[in-house]
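User: Hi! I've got this structure open and I'd like to work through it piece by piece. Could you take my questions one at a time?

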Amino acid sequence: MNTLIQCPQCQAWLLEGVFNQPELSPCPACGVPLQVEVFPALFRRINPGQSGETLLIEGESSCFYHPQKKAVLPCQGCGRFLCALCDCELNGQHFCPACLEAGKTKGKIKNLENQRTLYDSAALALVVVPLIPPLTFIGIYTTVITAPMAVFVAIRYWNAPRSLVHRTKIRFVAAIILALLQIAGWGLLFINLAGHHRS
Amino acid sequence: MPEQEYQRLTRTRSRSAFAVAFVSRTSLWLGKDHLLCVDSSGYTETYKRFYFRDIQVITLVTTKRRTVWNGVLVVPIVICLAGLANSLFSLPREAGAVIVTWAIFSAVFIAPLLLNNLMGPTCTGYLRTAVQIEELPSLNRLRRARKVLERIRPFIIAVQGGFPPEEISARMRAAATSPDGTAMGSSVTLSPPPAADTPAAPPVIS
């Protein structure tokens, strides 16, 4: 990607007069008001990747993955020596590719996580969705199954990582309370029906 | 109480202007050293992180979405108001229920029209890094987008340094004349980041 900037509307190159202005400025080509905030990273040269230095002296520390390459630092995850090629830098920390992969798949490195399942929302939906008006007539009968499911999901995933940005367990609590109320309602109904049946 | 890792910058907005439910919704959050764009489907969340050191350009472009919505909403409002006027002034007077029905229908369309105009002009926000140009759907109102920009600018400047507009124009001209479209080889130098111990400078995030 080059350093030139295009107007998102007309794709014309923006050369001057619109950058880092306090107010909106019209695009010189199409006239659409826009604000373009440019930061120095646009002109930063991207360093090419390093291939690792070949080991020259006998007995010198070598890379765990490339024994013929010189080790430059240890992995902060597993402690193995790494050459410049195997060194993966993340927020000032250095990892080997294996630790980076493990950190992503097992969620050990938080900054690599790019997806989370919201079990609290799922549990709440199990008790609320069947009661939403268009579904109520059918949904009310499904609560005999969905309410215990909601309790199970809430308890099973109580300690599972929740959203990165919502920190409370209020959805789990609400799901459990509503599910227990629904289960209690069904329990009372069955008891009454059993009583009528006996009499 | 534990410190909040992320601060909300925008409320959740649907990715599509005409989508109301059952679609991905997106919001923008401010982290220690990055912006977090959260796409939520309701049961899963997908995260995109834009580190302050990597943000190259943020562009806000005004759009005609507000005008379009006004046009879409005005038609049913006119019909409902005509119906309301007809039921109010027709002789003999129609039943109160008909008048109330027309009034409710009118209110249903007038409320979003008012909201659409109170929220101000619409825009589309784009964020550019070295490898991508990402649209930020949650920056869909100019007023909010500019507030967000004001809030994150000090963090980016703290990491990358300042940049006077004349310097950018000079570099752009140099890039336009260079064969590869880059200004890497130009003689214009970047301003250094502000010193961390300057009282007026924003905090430097390590």
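What follows is a set of questions and answers on this predicted model.

User: Before we dig in, what are the ipTM and pTM of the model?

Analyst: Good place to start, since we're looking at a predicted model. There are two overall scores to read off here, ipTM and pTM. They come out as ipTM 0.78 and pTM 0.78.

User: And which residues of chain B have a pLDDT below 50?

Analyst: Chain B averages a pLDDT of 81, and 79% of its residues score at least 70. One stretch falls below 50, even though it has 36 contacts in the model beyond near neighbours in sequence. Where pLDDT is low, the predicted coordinates should not be read in detail. The stretch to treat that way is residues 184-206 of chain B.

User: Okay, what pattern do helices and strands follow along chain B?

Analyst: Chain B holds 4 helices and 8 strands. Now walk along the sequence and write down each element as you meet it. You get β-β-β-β-β-β-α-α-β-β-α-α.

User: How many Å separate the centres of the two domains of chain B?

Analyst: Domain 1 of chain B is written in two pieces, 7-63 and 122-167, while domain 2 covers 65-118. The centres are taken over C-alpha atoms, and for domain 1 and domain 2 of chain B they are separated by 36 Å.

User: What about chain A: how many Å lie between the centres of domain 1 and domain 2?

Analyst: Chain A is assigned domain 1 (1-46), domain 2 (49-114) and domain 3 (119-194). For domain 1 and domain 2 of chain A, again using C-alpha atoms, the separation of the centres is 39 Å.

User: I see an open sheet of 5 strands; what is the strand order?

Analyst: Start from the edges, where a strand pairs on one side only: these are β3 (25-26) of chain A and β8 (133-136) of chain B. Inside, β4(A) pairs with β6(B) through 5 antiparallel bridges, and β6 (57-62) of chain B pairs with β7 (123-128) of chain B over 6 antiparallel bridges. Put together, the order is β3(A)-β4(A)-β6(B)-β7(B)-β8(B).

User: Which residue of β7(B) is the bridge partner of B:V57?

Analyst: B:V57 is worth a look, as in β6(B) it is the bridge partner of A:V38. Over in the pairing of β6(B) with β7(B), B:T62 stands opposite B:C123. In β7(B), the partner of B:V57 is B:R128.

User: Which helix of chain B packs on that sheet?

Analyst: Look for a helix touching β4 (33-38) of chain A as well as β6 and β7 of chain B. Its direction makes about 165° with that of β6(B). That helix is α3 (residues 142-160) of chain B.

User: Which element gives the largest share of the side of chain B that touches chain A?

Analyst: The contact takes 44 residues from chain B and 40 from chain A. On the chain B side, β5 (44-51), β6, β7, α3 and α4 (165-177) each give two or more residues. By class, that side has 24 nonpolar, 12 polar and 8 charged residues. The largest share, 8 residues, comes from α4(B).

User: How many bridges join β9 of chain A to β5(B)?

Analyst: Strand β9 of chain A covers residues 115-117 and runs antiparallel to β5(B). A:Q115 has B:T46 as its bridge partner, and A:T117 stands opposite B:T44. The number of bridges is 3.

User: Which residue takes a positive phi in the hairpin of β4(B) and β5(B)?

Analyst: Strand β4 (34-40) of chain B is joined to β5(B) by 7 bridges, running antiparallel. One of the pairs is B:S40 with B:E45. The hairpin has 3 residues between the strands, and the one with a positive phi, near 105°, is B:G42.

User: Last one: how many residues of helix α2 of chain A are buried?

Analyst: Helix α2 of chain A spans residues 119-128, and its buried residues pack against β9, α3 (136-156) and α4 (170-198) of chain A. The buried ones are A:Y119, A:D120, A:S121, A:A123, A:L124, A:L126 and A:V127. Out of 10 residues, the buried count is 7.

Note on methods. Residues are numbered from 1 along each chain as its sequence is written. Chains are lettered from A and ligands numbered from 1 in the order in which they are written. This is a predicted model: local features need pLDDT of at least 70, side-chain atom pairs count only at pLDDT 80 or more; totals for chains, interfaces and linings use all residues. Two strands pair if DSSP finds at least two bridges between them. Two residues are in contact if their C-beta atoms, placed from the backbone, lie within 7 Å. Axes are lines fitted to C-alpha atoms, for helices over the stretch in contact, and angles run from 0 to 180 degrees between N-to-C directions. Domain bounds come from an automatic or database domain assignment. Ala, Val, Leu, Ile, Met, Phe, Trp, Tyr, Cys and Pro count as nonpolar, Asp, Glu, Lys and Arg as charged, and the others, Gly among them, as polar. A residue is buried if 20 or more other C-beta atoms lie within 10 Å of its own, exposed if 12 or fewer, and partly exposed in between; C-beta atoms are placed from the backbone. pLDDT is the predictor's confidence in each residue, from 0 to 100.
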